[in-house]
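This report describes one protein model for a reader who has not seen it before. It takes single residues, a helix, a pocket and the nonpolar cores in turn.

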Amino acid sequence: MAGAQASAPSSEATGIQAEVGVAGHPTSDLKLTRTDILTRAQSWIDERVPYSQSKWHTNQYGRYRQDCSGYVSMAWGLKNVRWTGNIMEVATRISKSKLLPGDALWVHGSSVQHIAIFVRWADSAKTQAVVREEYRTGTVAAQRTWSASWTSKFTAIRYKNVIEGDAKTCAVVNENHKSYTQLAEGAKGELVKAAQCLLAGAGFNTGADGPSGTFDATMTSAVKQYQTKVGLPSNGTVDSHTWTALLSRGSTPMVQDGSTGSAVSRVQRSLNAATNAGLDVDGQFGPKTTTAVKNYQSSRKLGSDGIVGPNTWAALQAGK
């Protein structure tokens, strides 16, 4: 969990070690899709491989040292087992905003050396990373959510041999937009992907292969079912009311000027859909968000105090 980073890994085994003779071990660095990387990373989680700087684990993917960089070497399909001091020979630095599933978060300093496979962001502000990692002695390979403060210590890196084009997952779909246009069957694009992911998050099937970006008959059916559930006209069109309900779905904590986090981002997104507020979706409740909330409240005949409490949440989640 995020709190597990209190005692950080400070060192690991060093050097490059090859295990070419082991069955299944790569004879050269593999070219892998992001799905391949995540599948390989999951194998050690399923097998509950314990962290060790001296022991090695063998499975269908080869034999690798059981520390953080050995784990990433296995997930990336490396011939040689790397450590944090030389992993950059097979990777490049990228912006954290460009992280995709199968990339990694890496730090190599005097007091902390660690690396983990990136899975997705846990929050819309993209400050808390969900990772798969071998963490420290006494733990086993696991998927964890890092705190924002721990995530901030790391650099985003990308394996040089990753094959792009297979990341059909909502983890990489952008749901943050300043405007949300009406969508109907036949529409295509990033907003369609966002709507598909929001509907899937609400429990409605939009297709077996992840967000396709194409508004087809399956998505129309999902939209109608969702609209019926929340009390909107069941027309199968993602209009401003449907967008507002979808974008605000979730927990309903009171948020106001000075608040931060994912609930604020949901407010900002839903106001952009409901009133064309044009807010930056940054998870920071400041003066512009306060004004947009007051305008929404006034137009819906709610108490115009700029605070998103139970009544305002209820109106947003009803698509008003």
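Lys301 counts as exposed because its relative accessibility is 76%, over the 50% cut-off. The model shown here is a predicted one. Lys301 sits in the loop that joins α8 and α9, and its phi is positive, near 60 degrees, in a residue other than glycine.

Lys126 also has a positive phi near 60 degrees, and it too is a residue other than glycine. Its place is the loop between β8 and β9 (129-133). At 41% relative accessibility, Lys126 counts as partly exposed. As background, most residues other than glycine have a negative phi. A further positive phi, near 50 degrees, belongs to Asn276, the residue that follows α7.

Two other residues, Val173 and Thr242, are buried. Val173 has a relative accessible area of 12% and is therefore buried, since the cut-off is under 20%. Thr242, at 1% relative accessibility, is buried as well. The table lists the four residues with their places and accessibilities.

| Residue | Place | Relative accessibility |
|---|---|---|
| Thr242 | helix α6 | 1%, buried |
| Val173 | loop between β12 (162-163) and α4 | 12%, buried |
| Lys126 | loop between β8 and β9 | 41%, partly exposed |
| Lys301 | loop between α8 and α9 | 76%, exposed |

Neighbours within four places in sequence are left aside in the contacts that follow. Thr242 is in contact with Tyr226, Gln227, Leu232 and Thr237. Val173 is in contact with Lys193, Ala194, Cys197 and Pro211. From Val173 to Ser299 the separation is 126 residues in sequence and 31 Å in space, C-alpha to C-alpha.

Helix α7 covers residues 262-275, which makes 14 residues. From its first C-alpha to its last, α7 reaches 20 Å, close to the 20 Å expected at 1.5 Å a residue. Twelve of the 14 residues of α7 are buried, and the helix is mostly covered. Among the buried ones are Val264, Val267, Leu271 and also Arg266 and Arg269. Which helices do the buried residues of α7 pack against? They pack against α6 (240-248), α8 (287-299) and α9 (310-317).

Helix α7 also takes part in the largest pocket: β8 (113-121), α4 (190-201), α6 and α7 each supply at least two residues of its lining. The space in this pocket is about 710 Å³. Its lining has 27 residues, and those nearest the centre of the pocket are Trp121, Ser124, Cys170, Val173 and Glu175. Val173, described above as buried, is thus one of these central lining residues. By class, the lining of the largest pocket has twelve nonpolar, seven polar and eight charged residues.

The nonpolar cores come last. The largest nonpolar core has 31 residues, and the residues with the most contacts inside it are Tyr71, Trp76, Ile87, Ile115, Ile117 and Ile157. At least two residues of this core come from each of α1 (34-46), α2 (68-75), β7 (104-108), β8 and β11 (155-159). Ile117 touches, among others, Ile37, Leu38, Tyr71, Val72, Trp76 and Val130, not counting residues up to four places away in sequence. A second core, separate from this one, has 25 residues and includes Val223, Leu232, Val238 and Leu246. Leu232, of the second core, is also one of the residues in contact with Thr242.

Technical notes: Residues are numbered from 1 along each chain as its sequence is written. This is a predicted model: local features need pLDDT of at least 70, side-chain atom pairs count only at pLDDT 80 or more; totals for chains, interfaces and linings use all residues. Side-chain values use heavy atoms; hydrogens and water are left out. Helices (H or I, at least four residues) and strands (E, at least two) are DSSP runs, numbered from the N terminus. The expected span of a helix is 1.5 Å times one less than its number of residues. Buried means under 20% relative accessible area, exposed over 50%, partly exposed in between (1.4 Å probe, protein chains only). Contact means heavy atoms within 4.5 Å. On a 1 Å grid over the protein atoms alone, a cavity is a set of points where a 1.4 Å probe fits but cannot get out, and a pocket is an open set with protein on both sides within 12 Å along at least five of seven lines; lining residues have an atom within 4 Å of a point. Grid points are joined across faces, edges and corners, and a volume is the space filled by probe spheres set on the points. Ala, Val, Leu, Ile, Met, Phe, Trp, Tyr, Cys and Pro count as nonpolar, Asp, Glu, Lys and Arg as charged, and the others, Gly among them, as polar. A nonpolar core is a set of buried Ala, Val, Leu, Ile, Met, Phe, Trp, Tyr and Cys residues joined through side-chain atoms within 4.5 Å.
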